[in-house]
Amino acid sequence: MRVVAQIAPWLTWGLALPLVVLNGWLLLTTVNYLQPLVNILVIATVLSFLLDYPIKLLQSWGIRRSWAVLGVLLVALSGLTVAAITLVPVLLKQGNELVVRLPNWLASGTAQLEGLEAWAQAHRVNLDVSGLAEQFTTGVSRQLKTLTTQVLGLAVDTVGWAVDVIVTLVLTLYLVLFGERLWSGLFSWFPAHLGPLIRESLHRNFYNYFLGQATIAVILGTLMTLAFVVLQVPLALLFGLLIGLASLVPFGGAVSIVVISLLITLQNVWLGLKVFATALVLAQMNEHLVAPRILGNVVGLNPVWIVLSLLLGAKLAGLLGVLIAVPVAGSIKNVADSLRQPRPPETQPVREPLVV
């Protein structure tokens, strides 16, 4: 009997695992079939979480929720309009300049590598970088062609993209106004002890994570742009904004710093080294001084699990999967930890004896 009792948990997990995998596969198939509706719903939900913070702040000042929602939406739309009028034309111009300059940068980088190889041969050092230079140039050119094709496809699909943006904004408005009743109705289908737990975990992780990451991305992007302007880096606004956007994802800022430093090194080695050193110092200051005060231990995940969740999110849902992978993984961990803890026994009310 003891052996049977020991085997029973393993047998239960062995039977449950295929069912979980099958249900997960069916869920992913359904999500892919319903695209882009699922992406619109996820983006609108995240935006509603972010807008809820200033709305609640205005409510704490005694402003009615309807007026708070209206004021926050007007400010947000005004900010987007100003950014679209001022930043978008400059970014498009610098993006076009990057496409024009990149072949010259590649040629300059190849020449520098060939010069390094000639120096090595003159000093009898066995160093062959010609093959590396050719592979690097071919890879960057291929990625540039792919990026150009995607940009052209985006320009062709501008009408559909505009419709998706309008639908997302409208859905965000409805979620801000009526989201409380919607989520209460959805989570009421879960067991009584599980529904509030999942809802609270998802709200806390998504809310804190995106609010913190957005704040850190804005700070880092601004600092990088100012530093690049001081260093007279070409396309400073474009590169600073790219680093800020990449910082929305864990480890994205570090990867973007390395890539941009390599691009600038193709043109000027010393400028590339200065850009890398400056960006690294600013990123470390932001990570160790600003991030702990804003984020703290938001998701409570081991860095290994964060990397795995990012890879899995990218595999399942692309860029959107990368953005939501960490808060989803954190929510799963919080719910699992809560379920593992034994629930306190329900105490029965003590009945006093009847006095006759």
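## Ground rules

Two residues are in contact here when they have heavy atoms within 4.5 Å of each other. The model is predicted, so local features need pLDDT of at least 70 and side-chain atom pairs count only at pLDDT 80 or more, while totals for chains, interfaces and linings use all residues. Residues are numbered from 1 along each chain as its sequence is written, and side-chain values use heavy atoms, with hydrogens and water left out.

## The overall picture

Let's start with the whole chain. The protein chain has 10 helices and zero strands. Both kinds of element are DSSP runs numbered from the N terminus, where a helix (H or I) takes at least four residues and a strand (E) at least two. Read from the N terminus, the order is simply α-α-α-α-α-α-α-α-α-α.

The protein chain has 356 residues, and 29% of them count as buried. Buried means under 20% relative accessible area, exposed means over 50%, and partly exposed is in between (1.4 Å probe, protein chains only). About 24,100 Å² of the protein chain is exposed, with carbon and sulfur atoms supplying 72% of that; these areas come from the Shrake-Rupley method with a 1.4 Å probe, and for residues only the protein chains shown count as cover. Take the contacts between residues at least 6 apart in sequence: 69% of them join residues at least 24 apart.

## Two nonpolar cores

A nonpolar core is a set of buried Ala, Val, Leu, Ile, Met, Phe, Trp, Tyr and Cys residues joined through side-chain atoms within 4.5 Å. The largest one here has 25 residues, and those with the most contacts inside it are Trp105, Met224, Phe228, Val233, Phe239, Ile243 and Ile264. The elements giving two or more residues to this core are helix H3 (65-122), helix H6 (195-230), helix H7 (236-246), H8 and helix H9 (269-294). Apart from it lies another core of 17 residues, including Val46, Phe210, Leu310 and Val322.

Trp105 is a good one to click on. Leaving out residues up to four places away in sequence, Trp105 touches Leu98, Pro234, Leu235, Phe239, Leu263, Leu266 and Gln267. Then there's Ser256, which sits in helix H8 (residues 252-267). Ser256 counts as buried because its relative accessibility is 11%. Neighbours within four places in sequence aside, Ser256 is in contact with Ile243 and Ala246.

## An unusual loop

Most residues other than glycine have a negative phi. Which way does the phi of Gln232 go, positive or negative? Gln232 has a positive phi of about 60 degrees, although it is not a glycine. Leu235 also isn't a glycine, and its phi is positive too, at about 60 degrees.

Gln232 is in the loop between H6 and H7, and Leu235 is in the loop between H6 and H7 as well. Their surroundings tell them apart: Gln232 has 68% relative accessibility, so it counts as exposed, whereas Leu235 has 6% and therefore counts as buried.

## Helix H2 and its bend

Helix H2 covers residues 37-60, which makes 24 residues. At 1.5 Å a residue H2 should span 34 Å, and its end C-alpha atoms are indeed 34 Å apart; the expected span is 1.5 Å times one less than the number of residues. H2 does bend by about 30 degrees at Asp52, and Pro54 follows within four residues. That bend is the angle between axes fitted to the seven residues ending at a residue and the seven starting there.

Among the buried residues of H2 are Ile40, Val46, Phe49, Asp52 and Leu58. After H2 comes Gly62, whose phi is positive, near 95 degrees.

## Salt bridges around Asp52

How many salt bridges turn up in a search of the whole structure? There are two, each being a side-chain nitrogen of Lys or Arg within 4 Å of a carboxyl oxygen of Asp or Glu. Asp52 pairs with Lys56 (3.2 Å, N to O), and these residues both lie in helix H2, four residues apart, about one turn of the helix. Asp52 is buried, with a relative accessible area of 12%, while Lys56 is partly exposed at 44% relative accessibility.

Asp52 also forms a salt bridge with Arg65 (3.6 Å, N to O). Since Asp52 lies in helix H2 and Arg65 in helix H3, this pair ties together parts that are 13 residues apart in sequence. Arg65 is partly exposed, with a relative accessible area of 30%. Put together, Asp52, Lys56 and Arg65 are linked in a network of salt bridges.
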